[in-house]
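User: Please take a close look at the largest cavity in this structure. What lines it, and what does the chain around it look like?

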Amino acid sequence: TFDLPASPSVNRVKLELEAAAGRFYLADTTSKLVWFKSDGNIGPYLFDTQKDGDTVKVIHIGLEGVTVRSGSSHNEAGLKLNDAPIWDISIDAGAATLNMDMSRFKVRTFDLEGGASSVELKFGALSDTTDIDIEVGVSSIKIAVPKGSGCELRTESVLSGRSFDGFDKIESGLYRTPGFATSGKKVYIKSEAAVSDIKI
């Protein structure tokens, strides 16, 4: 378990997380800048921070020299974030299961790369624009976005199940919700998923 104190001068945070395997969840806020706890036989996780200018902090939570063996590893990790800064989140999911409710946070960008994963993501409307980039292998993906926000989806998925209710097909691989151009809040999703079930 570790955390990092919040600082009034930090208004933007870049969070980089190596999930590797197990179950990861985000569903709560904290008065700290970030709080992390892992319980299992994967690790230890290393916590590293650096500054990018005066107002941006980079936080890296990762593994070093750790081999994850299929079938013999178990891990459950919880993450809490401060709701004041703007967040840029990057996750290397490996074979992890992700359940992340980000509706209470100002998420500007969210990047996910992974292999055989189950992914459930929920985004709010606290940021004017949210850019979501997903590159995964054999995965089940569910993404919840606010009904009041305009949403654009660009997908290069191969042999994938798709549920894009509420979207208009603009052209091959491009979908938008009605009234997208005039929406005050916008969510942009780019998906490159091989043999995946995708629901938005």
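Analyst: The cavity comes first, then the core, the chain and the pocket.

This is a predicted model, in which local features need pLDDT of at least 70, side-chain atom pairs count only at pLDDT 80 or more, and totals for chains, interfaces and linings use all residues. Residues are numbered from 1 along each chain as its sequence is written, and side-chain values use heavy atoms, with hydrogens and water left out.

The structure holds one cavity of 30 Å³ or more. A cavity here is a set of points, on a 1 Å grid over the protein atoms alone, where a 1.4 Å probe fits but cannot get out; lining residues have an atom within 4 Å of a point. The largest cavity has about 40 Å³ of space. That volume is the space filled by probe spheres set on the points, with grid points joined across faces, edges and corners.

Its lining consists of Leu-17, Phe-24, Tyr-25, Leu-26, Phe-36, Ala-77, Leu-79 and Met-100. Two elements give two or more residues each: strand 3 (21-29) and strand 7 (75-81). Strand 3 has the largest share, three residues. Strands are DSSP runs of E, at least two residues, numbered from the N terminus. By class, the lining is eight nonpolar, no polar and no charged. Nonpolar covers Ala, Val, Leu, Ile, Met, Phe, Trp, Tyr, Cys and Pro; charged covers Asp, Glu, Lys and Arg; the others, Gly among them, are polar.

Now the core. The largest nonpolar core has 51 residues, and Ile-91, Met-102 and Phe-110 touch the most other members. Strand 8 (residues 86-102) gives the most to this core, eight residues. Such a core is a set of buried Ala, Val, Leu, Ile, Met, Phe, Trp, Tyr and Cys residues joined through side-chain atoms within 4.5 Å. Buried means under 20% relative accessible area, with a 1.4 Å probe and protein chains only. Leaving out residues up to four places away in sequence, Ile-91 touches Leu-17, Met-100 and Phe-110, among others. Leu-17 and Met-100 also line the cavity.

Next, the chain. It has zero helices and 18 strands. Of its 200 residues, 42% count as buried. Among contacts (heavy atoms within 4.5 Å) between residues at least 6 apart in sequence, 60% join residues at least 24 apart.

Last, the largest pocket, an open set with protein on both sides within 12 Å along at least five of seven lines. About 210 Å³ of space lies in it. Its lining has six nonpolar, six polar and two charged residues. Val-145, Pro-146, Lys-147, Phe-167 and Thr-177 lie nearest its centre.

Note on methods: Helix = DSSP H or I, 4+ residues; strand = E, 2+ residues; numbered from the N terminus. Buried < 20%, exposed > 50% of the residue type's maximum accessible area, 1.4 Å probe, protein only.
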